[in-house]
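Student: I am new to this structure and would like a close look at a single part of it, the nonpolar core. Please describe that part in the setting of the whole chain.

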Amino acid sequence: MIRFFDFIFALLGLLFGSSILLIIYIIGLFDTGSPLFRQERVGRNKKPFTLVKFRTMKVDTASVASHLASSSSITPLGRFLRKSKLDELPQLWNVLKGDMSLVGPRPNLFNQEELIAARDRLGVYDVLPGITGLAQVNHIDMSTPELLAETDRQMIESLTVRGYFKYVLMTATGSGQGDRVR
């Protein structure tokens, strides 16, 4: 049932949002010269997948978790995209492909060993990673790995269709701050 909603909403989001995606892409060409950001992330069952987002940081920024990146790396366009959460729109492609869900634990990098261990212990990798979820709407990011893993587990155990729509709506209306950058 959730996969059905994921597919329909991702498809509709990409179709109806294509003009916004194109505009951001063109502006991004002027901002960084490389508007799309691709990064290998940990997916369901700890299998790698390539996450796609709009680039919010300079091209030469090290591939680390957002909370470890310097805020000076964020471009002016990137600040706007992060604040508005528009940097996440290309992930609808990941949802459409089945790499992600709209709602689930945010996918982490393979070098985030403490988070991987905590999530592994709690079975968080048994589900698809998501664009948003309980942790995001409660302002919990990857800088607190144990709390994040526990919150992810809580969401997985209690997620209903109603909860799915609640997290999507809360994110779309501005709840949650995304990943913190120092």
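**The nonpolar core in its setting**

Tutor: In this predicted model, buried residues make up 47% of the 182 residues in the protein chain. The protein chain has eight helices and four strands, and from the N terminus on these elements follow the order α-α-β-β-α-α-β-α-β-α-α-α. The radius of gyration of the protein chain is 15 Å, close to the 16 Å given by the globule rule for 182 residues, so the chain is as compact as a globular protein of that length.

We now turn to the core itself. The largest nonpolar core holds 22 residues, and those that touch the most other members are Leu92, Val95, Met100, Leu102, Val103, Ile131 and Tyr167. Two or more residues of this core come from each of helix H1 (2-16), helix H2 (18-31), strand E2 (48-54), helix H3 (76-84), helix H4 (91-97), strand E3 (101-103), helix H6 (134-137) and helix H8 (161-172). Another core, of five residues, lies apart from the largest one; among its members are Ala135, Ile140, Met142 and Leu148. In soluble globular proteins, nonpolar side chains tend to be buried together.

Val103 merits individual attention. Leaving aside residues up to four places away in sequence, Val103 touches Gly130, Thr132, Gly133, Met155, Leu159, Tyr164, Tyr167 and Val168. Across the protein chain, 71% of the contacts with a separation of 6 or more are between residues 24 or more positions apart.

Finally, the outer surface: the protein chain exposes about 9500 Å², of which carbon and sulfur atoms supply 61%.

Notes: Residues are numbered from 1 along each chain as its sequence is written. This is a predicted model: local features need pLDDT of at least 70, side-chain atom pairs count only at pLDDT 80 or more; totals for chains, interfaces and linings use all residues. Side-chain values use heavy atoms; hydrogens and water are left out. The radius of gyration is taken over C-alpha atoms; the globule rule is 2.2 Å times the number of residues to the power 0.38. Buried means under 20% relative accessible area, exposed over 50%, partly exposed in between (1.4 Å probe, protein chains only). Contact means heavy atoms within 4.5 Å. Accessible areas come from the Shrake-Rupley method with a 1.4 Å probe; for residues, only the protein chains shown count as cover. A nonpolar core is a set of buried Ala, Val, Leu, Ile, Met, Phe, Trp, Tyr and Cys residues joined through side-chain atoms within 4.5 Å.
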